[in-house]
Amino acid sequence: MNISVVGTGYVGLVTGVCLSEIGHRVTCIDIDEAKVEKMNNGISPIYEPGLSELMTKNIEKDRLFFTTDHANGFYNADAVYIAVGTPEKEDGSADMKFVKQVAIDIAIDVSKDTVVVTKSTVPVGTNDKIKEVIQANLVNNVRIDVVSNPEFLKEGSAIEDSFNGDRIVLGSDSEYAANLIEEVNKGFGVPIYKTDIRSAEMIKYASNAFLATKISFINEIANICDRVNANVEDVAKGMGMDKRIGDKFLKAGIGYGGSCFPKDTKALIQIAGNVEYDFELLKGVVKVNQKQQALLLDKLNERFDSLEGKRIAVLGLAFKPNTDDMREAASIVITNNLIEQGAEVFGYDPIATDNAKTLLSDKMVYEGSVEAAVEGSDATLIITEWDEIKHVNLEVFRSMKYPLVIDGRNCFSLDKMKEVGIEYHSVGRPTDM
Ligand code: NAD
């Protein structure tokens, strides 16, 4: 089928590339000219394992195209996917301005019957509004149907997730449209769950809110473990053996970040508030996460009277491993605070440094390796559990002024750190040095 994808961020580009991989003819549209130029030269503007290779392959097969021109991009499309951002507004609600603009672009430029598929995470009722906006501005006499198709991919394993996801959710009030998009997705071989539009919209928020709840829950347990000398990793393992609980998303650390959980949890609190429902549990989840990001700073401040002039190494800057995405990364809050306290901060990230430079303080110093960041420092903080960091030779910490490692992701074995003689503090695991 002919498919247009509007927005080529983490979701749009992965969607477009994967749809072309299963045989569709896909045109990706973005308003960012520099991005489109890059993609037309076969270069992915984002880091995502396997994406570049699949992109090049499908460009060469002549079934993947990029343009800034909506009319050209929509030409002959059987389906138009909306994958633009829905960022957080100041009050926590989701900003629909990009989605609304795309609805208007569709109304002006589509020239044949089209199914509009919303991939962006949007508040309940948005797909109905998208249809209203398109109908109200429609230039040509064509039929428009709408399908809600929320995205569940995880940055860092987005391609893998697209072909091995747990489910594809399709919400529509049009059987014809739902069946057509089911057909589009068949090549992924992933179970398809069809429902109504509003339930589909809610499934996305409820899923993210539940996963965020699991993370905040285990972090609270970790904080108690810290105080009662229990080991949260053993606790999580023992809990996860119960199939009703499951062993996923029970990894204690310094909380969730990224472009989804922080904004989607706050948006769901707003969605509930709009219908006069106080989502107390989720408010607690958000509060716990904010507190958790400060944990490394608390542990560091307990060790030093002042951080003025101290050299602090920060390993990992991206919000999680295998991505260059820095949105809502814990490193932002942590490095800003360190710099405010007068520390000299030396950061290292295998991939996200360019994006970090646009978001972190210009007082940050960036190093090209773990070794360079760590050497001569008074303390090392671990923020992102990249494989390269988890598998570093522990002797590297002996090049510090004093080997003090405060690990927000529980990367190392307590025994091994002890063996090498490193003062090691982690999350919810006993510190006996
Ligand atoms: P992003 O910010 O990375 O990309 C959005 C892209 O849309 C940008 O390239 C921007 O230039 C483009 N754009 C904006 N307006 C446009 C227009 N009128 N026409 C064409 N292009 C336009 O966003 P993202 O992270 O890919 O997220 C997109 C949506 O998917 C959001 O609603 C997000 O909540 C949701 N989502 C994201 C993830 C994730 O892991 N990033 C996962 C699931 C769902």
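**Figure 1. Helices around the ligand in this predicted model.** Two helices, α1 (10–21) and α5 (97–109), each chip in at least two residues to the shell around the ligand. The largest share belongs to α5, with four residues. In this predicted model, the shell counts 28 residues, and G7, G9, V11, G85 and S120 come nearest to the ligand. Sorted by class, the shell has eleven nonpolar residues, ten polar ones and seven charged ones. For the complex, the predictor reports an ipTM of 0.99 and a pTM of 0.94.

**Figure 2. The whole protein, for orientation.** Before zooming in further, here's the overall picture. The protein contains 18 helices and 14 strands. Its radius of gyration is 23 Å, close to the 22 Å that the globule rule gives for 433 residues, so the protein is as compact as a globular protein of that length. Along the principal axes, the C-alpha atoms fill a box of roughly 75 × 45 × 35 Å. Buried residues account for 47% of the 433 residues. Take the contacts between residues at least 6 apart in sequence: 71% of them join residues at least 24 apart. As for confidence, pLDDT averages 97 over the protein, and 100% of the residues score at least 70.

**Figure 3. Where domain 2 meets domain 3.** The protein splits into domain 1 (2–195), domain 2 (204–291) and domain 3 (294–425). This view is about the second and third of these. Ten residues of domain 2 are in contact with 14 residues of domain 3. On the domain 2 side, the touching residues break down into three nonpolar, five polar and two charged. From centre to centre, counting C-alpha atoms, domain 2 and domain 3 are 24 Å apart.

**Figure 4. K112, in the loop after α5.** Here we look at the loop between α5 and β5 (114–118), where K112 is found. K112 has 13 C-beta neighbours inside 10 Å, so it counts as partly exposed; the exposed label would need 12 or fewer. Setting aside neighbours within four places in sequence, K112 is in contact with N76 and V142. A77 is worth finding in this view too: K112 and A77 are 35 residues apart in sequence, yet their C-alpha atoms are 7.5 Å apart in space.

**Figure 5. E276, in the loop between α11 and α12.** This glutamate sits in the loop that links α11 (261–274) to α12 (280–293). Check its backbone: phi of E276 is near 55°, a positive value in a residue other than glycine. E276 counts as exposed because it has 6 C-beta neighbours inside 10 Å.

**Figure 6. E328, in the loop between β9 and α14.** Another glutamate, E328, lies in the loop between β9 (311–315) and α14 (330–340). E328 isn't a glycine, but its phi is positive, at about 55°. What about its surroundings, buried or exposed? E328 is buried, because 21 other C-beta atoms lie within 10 Å, and the bar for buried is 20 or more. Put the two glutamates side by side: E276 is exposed, whereas E328 is buried.

How values were computed. Residues numbered from 1 in each chain as written. Predicted model: local features only at pLDDT ≥ 70, side-chain atom pairs only at ≥ 80, totals over all residues. Domains from an automatic or database assignment. Contact = placed C-beta atoms within 7 Å. Nonpolar A, V, L, I, M, F, W, Y, C, P; charged D, E, K, R; others polar. pLDDT = per-residue confidence, 0-100. Near = placed C-beta within 6 Å. Rg over C-alpha atoms; globule rule 2.2 N^0.38 Å.
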